[in-house]
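Here is a friendly walk through one protein chain, written for someone who likes to keep the coordinates open alongside the text. Please have your viewer ready.

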Amino acid sequence: MSNPDSLPDVTPLKSKPDPEHPKPFNTDDIDEEEEEDGDENDVEYDDEDAKGEVFGEPNRLKPQSREAQFRSEKLKMDSLLQRMQSGPVSVRVHDVIIKGNTKTKDHVIEAETEVLNNVGSMQELLKASQIVNLRLQALEIFDSVKITLDSGPPELPGTANVIIEVVETASPLSGQIGAYTKAEARSSTVEGSLKYKNFFGYGDLWDGSLAYGYDHSAELSAGVFLPRFKGLVTPVTARAYLLSQDWLKFSSYKERSMGLSLGLFSTPYHDLAYNLAWRTLTDPSQMSSRSIRRQLGHNLLSSLKYTFKFDRRNSTMRPTRGYAFVSTTQIGGLTPDSRSLRFLRQEFDLRYVVPLGFYHAALNFGVSGGVVFPWGNGFSSRPSSLPERFFLGGNISPVCALGGPTALWGFKTRGLGPTEPKRQVNNENAEPSGVDFLGGDLAVTALADLSFDLPFRWFREKGIHAHVFACAGNVAKLTENEYRNISVQKFVESLRSSVGVGLVVPTSLFRME
């Protein structure tokens, strides 16, 4: 498919048939051995007159050879293109005709074609048709989508009919396996999933997935995606999950969660979701610090999460121009249960990329921050929930991670912020217990990264490039009245920073630095 802003590949269609020609001539049938123009997901349109006549006026074609008819159609096409280049060609949509959907409900397809109702010219109609084509393919339930623009009824000049022909997927069941790095989980995982498409004919996508992390985390989940549900203008998602994460090495606890996530509202810029989960924190080692032991046990997570995001960068792996911004607001404690976690959490992440104009070089700037605080009676003297705190460090690239303060080069996982000694063992032969990383309620990070091509052709062809970076960050505690002891000066003076150089080797599966 071409870009929606570009003119699609078109093939001239026929004018409205008259009684003497019940089946109009199709230029695609000129020669069976002739190579087809374009792919299956294209947009075709019809111009019935090359001399400026309006849509809907029938033509009386005299019998002529195929070559003559082909030349005539080509002249009509050239005339229409010239008219479109000189100015808008007025036209409006009379009807949208859907074909080929044996299982998919009509209203599912019609919901993606609403943009066609607002067109006023041929130029707008072509662009809207491309948008509809892309939207229908994005549903993942069709093997091909073909849109034809035909002239409207003779009694309604200046109108057009849009004919949408779809081919439903022949293999509704699919699967995949891959390796991923998730900033929100602060870990790398191997994931496998199975997906079944359009089970009920509502464009519904059912999937189940299993993920296992190198840090002994595991997740089993199943969900459904509905592009249009009960007339709602945005998709609806629901997902049940069972999650286990092992933080014994860093913070002396394991986390297990069983819950449900419900996507309530989703657009390209806005996302609203509700989460309900039963969470359990345990310490099998029985070596956790006092602050960790106070957090162990069961609690209920009932939260509403809103995300605003726009990304105008030309690449998420190696951006060389553009900007991006993400803001996430989460409120927990939406149930009257006393074990429900009550907290407010706010994050933001801002990126700006400046191209330098040589060696494909670009300067990436980024700043992110976040704060979490409990609410309710006596909130200032209570600690925040351990899993909701901010932890910095790990092997995640700050250039690729967009969403909040999570990544910081040069420090081990959860390596920044407040710590507390683990429980001491009264045994002379025992090894030192070490410390638990407690995370913080306030986190700030900053990044400057200069990426550039190496002066070797083979490296440039493979996408291998170098970069120089500098980053800084800090985590602080605000709860339990600690906010009284913090100041901007103290926070800045305790910032941790790192500088360095690196070589980036992108592959089809991962980015190696």
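The report below goes from the whole chain to its cores and then to two individual residues.

The model is predicted. Its chain has 513 residues, of which 43% are buried. The secondary structure comes to seven helices and 21 strands. If you look at contacts with a separation of 6 or more, 60% of them join residues 24 or more positions apart. On the outside, the chain exposes about 27,600 Å², with carbon and sulfur atoms supplying 56% of that area.

Let's turn to the interior. In soluble globular proteins, nonpolar side chains tend to be buried together. Here the largest nonpolar core holds 25 residues, and Leu125, Leu136, Phe142 and Val162 have the most contacts inside it. At least two residues of this core come from each of strand 2 (92-99), helix 2 (106-111), helix 3, strand 3 (142-151) and strand 4 (159-168). Helix 3 gives the largest share, six residues. A second core, separate from that one, has 18 residues and includes Tyr241, Leu301, Val372 and Ala443.

Helix 3 deserves a closer look. It covers residues 122-138, and its 17 residues should span 24 Å at 1.5 Å a residue; the end C-alpha atoms are 24 Å apart, so the expected span and the model agree. Among its buried residues are Met122, Leu125, Ala128, Ser129, Val132 and Leu136. An α-helix has 3.6 residues a turn, so residues three or four places apart point the same way. Leaving out residues up to four places away in sequence, Leu136 touches Ile109, Glu112, Phe142, Val145 and Ile164. Just after the helix, Glu140 takes a positive phi of about 65 degrees.

Two residues outside helix 3 can be set side by side:

| Residue | Place | Relative accessibility |
|---|---|---|
| Phe200 | loop between strand 6 (187-197) and strand 7 (205-213) | 47%, partly exposed |
| Ser244 | strand 9 (residues 236-246) | 23%, partly exposed |

Phe200 belongs to a nonpolar surface patch of about 410 Å², made together with Phe199, Tyr202 and Trp206.

Why does Ser244 count as partly exposed? Its relative accessibility is 23%, and buried would mean under 20% while exposed would mean over 50%. Which residues does Ser244 contact, leaving aside neighbours within four places in sequence? They are His216, Ser217, Ala218, Glu255 and Arg256. With Arg256, twelve residues apart from Ser244 along the chain, the C-alpha separation is 4.5 Å.

Notes
Residues numbered from 1 in each chain as written. Predicted model: local features only at pLDDT ≥ 70, side-chain atom pairs only at ≥ 80, totals over all residues. Heavy atoms only, no water. Patch = residues over 30% accessible without salt bridge, like charges linked within 9 Å, V, L, I, M, F, W, Y side chains within 5 Å. Areas by Shrake-Rupley, 256 points an atom, 1.4 Å probe, with all protein chains shown as cover. Salt bridge = Lys/Arg side-chain N within 4 Å of Asp/Glu carboxyl O. Helix = DSSP H or I, 4+ residues; strand = E, 2+ residues; numbered from the N terminus. Buried < 20%, exposed > 50% of the residue type's maximum accessible area, 1.4 Å probe, protein only. Expected span 1.5 Å × (residues − 1). Core = buried A, V, L, I, M, F, W, Y, C linked by side-chain atoms within 4.5 Å. Contact = heavy atoms within 4.5 Å.
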